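Biologist: Please take a close look at the second helix in this model, and set it against the rest of the chain. I would like one connected account.

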Amino acid sequence: MFRKLLLSRALRSMGLVFISIASPLYLKEIGFSPLLIGLTFSGTFAYTAIMSVSLGMLGG
């Protein structure tokens, strides 16, 4: 059971790394400016951080 959990975590991490690299390249390819790409990712990271803290407070 532990090996399956470890494998799923590793595959999830690989997917997140792929998305982290591919997304900005894709946005640049379709014409987004570097500033807009940075703002998009900053907003995404801020939203994720707020949701994590909020859900952590609710769960704790």
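Modeller: Accessible areas here come from the Shrake-Rupley method with a 1.4 Å probe. On that basis the accessible surface of the protein comes to about 5400 Å², and carbon and sulfur atoms account for 75% of it. The model is a predicted one.

First, the setting. The protein has 2 helices and 0 strands. Its radius of gyration is 16 Å, well over the 10 Å that the globule rule gives for 60 residues, so the protein is more spread out than a compact globule. Along the principal axes, the C-alpha atoms fill a box of roughly 45 × 30 × 10 Å. Of the 60 residues, 5% are buried.

Helix α1 covers residues 2-29. With 28 residues at 1.5 Å each, α1 should span 40 Å, and this agrees with the 40 Å between its end C-alpha atoms. After α1 comes Gly-31, which has a positive phi, near 105°.

The helix you asked about, α2, covers residues 34-59. Ile-37 is part of α2. Ile-37 counts as buried because its relative accessible area is 11%, and the cut-off for buried is under 20%. The C-alpha atom of Ile-37 is 6.5 Å from that of Pro-24, although 13 residues separate the two along the chain.

Further along α2 are Phe-41 and Phe-45, which lie 4 residues apart, about one turn of the helix. An α-helix has 3.6 residues a turn, so residues three or four places apart point the same way. The structure holds 1 aromatic pair. That pair is formed by Phe-41 and Phe-45, with 6.0 Å from centre to centre and 55° between the planes, and it is classed as tilted. The class follows because edge-to-face would need planes over 60 degrees apart and stacked would need them under 30. Phe-45 is nonetheless exposed, with a relative accessible area of 55%.

Phe-45 also gives a reference point for the other helix. Lys-4, in α1, has its C-alpha atom 28 Å from that of Phe-45, and the two residues are 41 apart along the chain. Lys-4 is exposed too, at 64% relative accessibility.

The remaining feature is a nonpolar surface patch of about 470 Å², made by Tyr-47, Met-51, Leu-55 and Leu-58. Leu-55 lies in α2. Leu-55 counts as exposed because its relative accessibility is 53%, and exposed means over 50%.

To sum up α2: Ile-37 is buried, Phe-41 and Phe-45 form a tilted aromatic pair, and Leu-55 is exposed and helps make the nonpolar patch.

Notes: Residues are numbered from 1 along each chain as its sequence is written. This is a predicted model: local features need pLDDT of at least 70, side-chain atom pairs count only at pLDDT 80 or more; totals for chains, interfaces and linings use all residues. Side-chain values use heavy atoms; hydrogens and water are left out. Patches are made of residues with over 30% relative accessible area and no salt bridge: like charges are joined within 9 Å, nonpolar side chains (Val, Leu, Ile, Met, Phe, Trp, Tyr) within 5 Å. A salt bridge is a side-chain nitrogen of Lys or Arg within 4 Å of a carboxyl oxygen of Asp or Glu. Buried means under 20% relative accessible area, exposed over 50%, partly exposed in between (1.4 Å probe, protein chains only). The radius of gyration is taken over C-alpha atoms; the globule rule is 2.2 Å times the number of residues to the power 0.38. Rings of Phe, Tyr and Trp (its six-membered ring) pair if their centres lie within 6.5 Å; planes under 30 degrees apart count as stacked, over 60 as edge-to-face and the rest as tilted. The expected span of a helix is 1.5 Å times one less than its number of residues.
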